[in-house]
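Biologist: Thanks for making time for me. Could you walk me through this model, one question at a time?

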Amino acid sequence: MDERALRTLEFDKVRERLVEKAATRMGKELCASLLPSTEMLEVRHRLRETSEARALLRSGSPIPLGGIHDLRAVVRRAALGGVLDPAELLDVADTAAACRRLKKFLLDHRDEAPTLAAYGNQIGVFVHLEAEIRQAITAEGEVADDASPALSQIRKQMRVLQARVRERLEAMIRNPNMRNYLQDALITIRDDRYVLPVKVEHRSQVPGIIHDQSASGSTLYIEPMAVVELNNELKRLALEEREEIQRILTRLSGLVAAEAEAWADTLEAVGRIDLCAAKGLLSQEMDAVAPELNDRGVVVIRQGRHPLLPGRPVPIDLHLGKTFDILVITGPNTGGKTVTLKTVGLFALMAQAGLHVPAAYGTGLAVFPQVFADIGDEQSIEQSLSTFSSHMSRIVEILNQLEPGALVLLDEIGAGTDPTEGAALAMAILDHLQARGARVVATTHYPELKAFAYNRPRVENASVEFDLETLRPTYKLAIGVPGASQAFEIALRLGLSPVLVERARGFLTRDEEKVERLLAQIQASRAEAEREREAAHRARAEAERLRAEAEAHLAEARRREKEVLERARAEAARILQEVRREAETLIEELKAARRQQLALEQERAIEAARSRIRGLEGRLAALRPAAAPAGPPPEDLRPGEEVRVRSLDVRATVLSPPDADGNLQVQAGILKVTVHVTDVERLEPAPAGAGARRGAQGLPTGATGLAGYRPGAGGAPLSAGKAAGFRPELDLRGLTVEEALARVDKHLDDAVLAGAPQVRIIHGRGTGALRQAIQKFLKEHPAVVSFRLGSVGEGGDGVTIVRLQE
């Protein structure tokens with residue numbers, strides 16, 4: 001593809017917008033190097049990628065690319081025998097997890113995006129490697145104690161020694177005599193050794209090794225002789241720890257190196273998927289469509305909008321290659337001629353690069369073997385080239401490289417020289433381009449070219465409209481009508497003397513004046529016809545709206561009629577059913593006398609079965625532990641009193657007094673329970689807040705009540721299963737902010753249902769963006785009482801500890 005055309009048509013700016021949409025470095029590199037293709041199959045494949053990514057966006061399923069790092073340099077270094085540091089290994093684990101999620105997502109959506117799913121098949125699965133790294137490296141990027149048995153033993157010994165050193169130093173600090181010699185009553189560390197800050201004038205009173213001095217010179221940091229041996233032992237263990245950590249990192253780096261080839265394929269596939277996702281996002285942002293491709297050199301643009309113009313540019317409709325191969329656009333300056341040229345050229349480049357174009361459905365573009373553009377004044381002062389020479393040099397270059405079927409865009413063809421000669425050259429060039437089989441869009445001010453387009457087959461005029469009332473272009477393109485320059489009318493509107501304008505008209509030949517007036521009349525007639533067409537369109541739209549409303553009213557009336565009929569049929573069926581039931585009842589009553597003797601025998605059998613059941617219940621009761629005497633049922637129970645339900649062994653609040661049968665309703669946590677008065681006993685009022693902390697059997701009181709629940713009906717506490725399977729720790733590493741917040745929200749709900757007092761959220765350190773988003777979310781969550789970063793033993797600032805309402 002011609003490099004000057006790419007630059008002139010500003011394809012690089014479209015690529016810059018595409019790069020902004022990519023999520024990974026691999027994807028950004030592919031976006032930045034994207035070029036148009038001239039192969040039909042390749043272009044179709046690229047557009048299919050974009051369409052699948054856009055379809056996923058429309059369905060509310062964006063491609064998950066969060067948490068993926070550029071591991072290419074890391075994997076190469078590991079493959080060459082290098083040792084990766086803990087942070088790099090964490091990046092490997094995070095990327096492995098993110099790639100696993102990405103692969104699953106694409107395979108789950110293979111029906112909507114088969115091309116992208118094929119890329120997902122190229123992504124490797126590194127479950128074992130990820131598990132090994134997670135087990136050895138903490139979320140804070142440190143080697144864990146249990147990364148190896150040897151490291152665990154070394155660190156245990158170091159903790160014991162550190163405690164002994166601190167005990168001895170603290171004993172020295174507590175000594176009243178020693179306290180006078182110290183600048184501060186604290187223990188500090190210099191050169192990895194525990195020391196005390198001693199006043200410089202008392203250094204002889206504290207025998208030991210001097211390791212450092214304060215900036216003011218008033219304090220010496222001395223390692224007392226009493227802890228020198230212990231510090232020496234700590235130093236030895238620290239060296240062993242460092243060697244063991246190096247051995248662990250070397251082992252993990254070897255595991256990465258063993259998967260180097262699979263990682264290379266995976267990262268390449270991820271970059272390709274990211275490019276597709278970026279194309280889909282750009283299509284969505286531009287409200288673009290996939291053009292219909294052809295190999296016949298046909299261009300059909302419907303409501304096309306230049307993608308780089310700010311705001312909402314006026315859309316254009318243009319076609320080329322069907323009934324004509326050359327389109328000559330005329331009209332006043334700043335009317336939109338150049339924008340039209342650039343829109344046609346940029347659409348062709350975008351489509352052949354696999355990008356959707358901002359236009360309406362029905363837009364079609366050819367796959368051109370070449371795209372050339374000579375737009376704007378590219379003269380070179382250093383080369384002493386005039387405007388005419390610059391344009392002509394570029395045209396010569398185009399003609400020398402031209403292949404059949406190329407798209408050529410020429411702005412102000414033949415300008416910059418004598419108008420007569422420039423027009424003649426322009427006609428010759430257009431004639432030559434047509435003979436070579438090119439598709440051409442050219443702009444000009446020469447009236448001779450208007451006549452050329454009118455008289456030559458497969459050459460067509462077009463014009464950009466201009467509003468003489470406002471002196472502003474409308475940017476609308478009218479194909480089939482040449483444009484007038486409107487120089488005299490614009491001059492009059494801007495205040496030039498009418499006398500001078502009439503004198504200028506006098507210099508025109510009669511034919512020239514007639515042509516200009518004829519063109520002006522044609523444009524005015526066309527504008528009037530356009531206004532009438534728009535009015536007719538509005539009237540038709542209004543008629544369609546009224547028709548739709550009438551059809552909707554008719555459909556509603558029919559629906560209501562159908563409902564009335566259905567209700568009548570249902571009522572008739574109900575009455576018939578009642579009659580049938582009444583008849584069956586009468587028949588049964590008539591048969592009752594016959595069955596009386598048989599019923600007596602059945603009653604005796606039932607009584608015998610009941611006796612056997614009571615015997616089994618007695619045997620079962622013997623197996624249960626003896627219960628305390630129930631005592632008499634409480635009297636005069638009132639709503640609000642606290643009672644204990646014996647069968648459930650829970651505290652409850654009376655909602656209604658006992659009825660005539662002795663049944664009353666109580667509230668036990670989230671349960672509204674109907675029990676008999678003999679199943680409850682009166683309790684002293686619970687301490688304030690006790691009911692809010694615990695509902696029935698641990699059920700949170702904020703849950704929805706289950707009215708009508710009765711003990712013994714098979715019910716179970718709602719939170720028992722949740723509490724049994726709940727884990728208070730939530731790991732969010734490798735997730736995007738949006739994915740992480742959804743997980744946090746669900747985890748907090750589960751924690752509240754399980755009655756957990758606090759949870760531990762692991763988000764890692766990284767850039768801090770995920771931690772900030774989570775803490776902002778926690779501030780607004782109603783169940784959160786407080787939160788803090790983890791302490792040294794809890795994971796540091798890679799972990800947030802959340803306390804929940806009890």
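Modeller: Happy to! Let me begin with a term: a cavity is a set of grid points where a 1.4 Å probe fits but cannot get out. Please keep in mind that this is a predicted model.

Biologist: How much space lies in the largest cavity?
Modeller: The structure holds one cavity of 30 Å³ or more. The space in the largest cavity comes to about 30 Å³.

Biologist: And which residues line the largest cavity?
Modeller: By class, the lining divides into three nonpolar, two polar and two charged residues. Gly counts as polar, and Arg and Glu count as charged. The names are Pro-64, Leu-65, Gly-66, Ala-98, Arg-101, Thr-736 and Glu-739.

Biologist: Let us step back to the whole chain. What share of its residues count as buried?
Modeller: The protein chain has 24 helices and 24 strands. Buried means under 20% relative accessible area. Of the 806 residues, the share that counts as buried is 40%.

Biologist: Now the largest pocket, please. Which element gives the most to its lining?
Modeller: The largest pocket has a volume of about 840 Å³. Closest to its centre, out of 31 lining residues, are Thr-138, Glu-142, Val-143, Asp-145 and Arg-155. Elements giving two or more residues to the lining are α8 (127-136), α9 (149-174), α11 (228-258), β21 (729-731) and β22 (758-762). With four residues, the one that gives the most is α9.

Biologist: How many residues of that pocket lining are charged?
Modeller: Asp, Glu, Lys and Arg count as charged. The lining of the largest pocket also has ten nonpolar and seven polar residues. The number of charged residues is 14.

Biologist: Asp-145 and Arg-155 caught my eye. How far apart are the closest N and O atoms in their salt bridge?
Modeller: Asp-145 sits in the loop between α8 and α9, while Arg-155 is in helix α9, ten residues apart. Asp-145 is partly exposed at 30% relative accessible area, whereas Arg-155 is buried at 14%. A salt bridge needs a side-chain nitrogen within 4 Å of a carboxyl oxygen. Here the closest N and O atoms are apart by 2.6 Å.

Biologist: Arg-77 forms a salt bridge too. Which residue is its partner?
Modeller: The count of salt bridges comes to 42, and in this one the closest N and O atoms are 2.3 Å apart. Arg-77 lies in helix α5 and its partner in helix α6, so the pair ties together parts that are eleven residues apart in sequence. Arg-77 is partly exposed at 34% relative accessibility. Its salt-bridge partner is Glu-88.

Biologist: Is Glu-130 buried or exposed?
Modeller: Glu-130 meets Arg-100 in a salt bridge of 2.8 Å, N to O. The pair links helix α8, where Glu-130 lies, with helix α6, where Arg-100 lies, 30 residues apart. Arg-100 is partly exposed at 35% relative accessibility. Glu-130 has a relative accessible area of 11%, under the 20% cut-off, so Glu-130 is buried.

Biologist: Which residues are linked in a network of salt bridges?
Modeller: Each link in such a network joins a Lys or Arg to an Asp or Glu. The residues in this network are Arg-25, Glu-29, Asp-70 and Arg-72.

Biologist: On to the nonpolar side. Which element gives the most to the largest nonpolar core?
Modeller: Of the 46 residues in this core, Ile-63, Leu-102, Leu-116, Ile-137 and Trp-263 touch the most other members. Elements that give two or more residues include α4 (40-58), α5 (72-79), α7 (114-121) and α12 (260-286). With ten residues, the one that gives the most is α6.

Biologist: There is another core, with Ala-462 among its residues. Is Ala-462 buried or exposed?
Modeller: That core has 45 residues and lies apart from the largest one; Ala-288, Leu-341 and Ala-348 are also among its members. Ala-462 lies in strand β13, residues 459-467. Its C-alpha atom is separated by 5.2 Å from that of Val-481, 19 residues apart along the chain. At 0% relative accessibility, Ala-462 counts as buried.

How values were computed. Residues numbered from 1 in each chain as written. Predicted model: local features only at pLDDT ≥ 70, side-chain atom pairs only at ≥ 80, totals over all residues. Heavy atoms only, no water. 1 Å grid on protein atoms, 1.4 Å probe; cavity = no way out; pocket = protein on both sides within 12 Å on 5 of 7 lines; lining within 4 Å. Points joined across faces, edges and corners; volume = space filled by probe spheres on them. Core = buried A, V, L, I, M, F, W, Y, C linked by side-chain atoms within 4.5 Å. Buried < 20%, exposed > 50% of the residue type's maximum accessible area, 1.4 Å probe, protein only.
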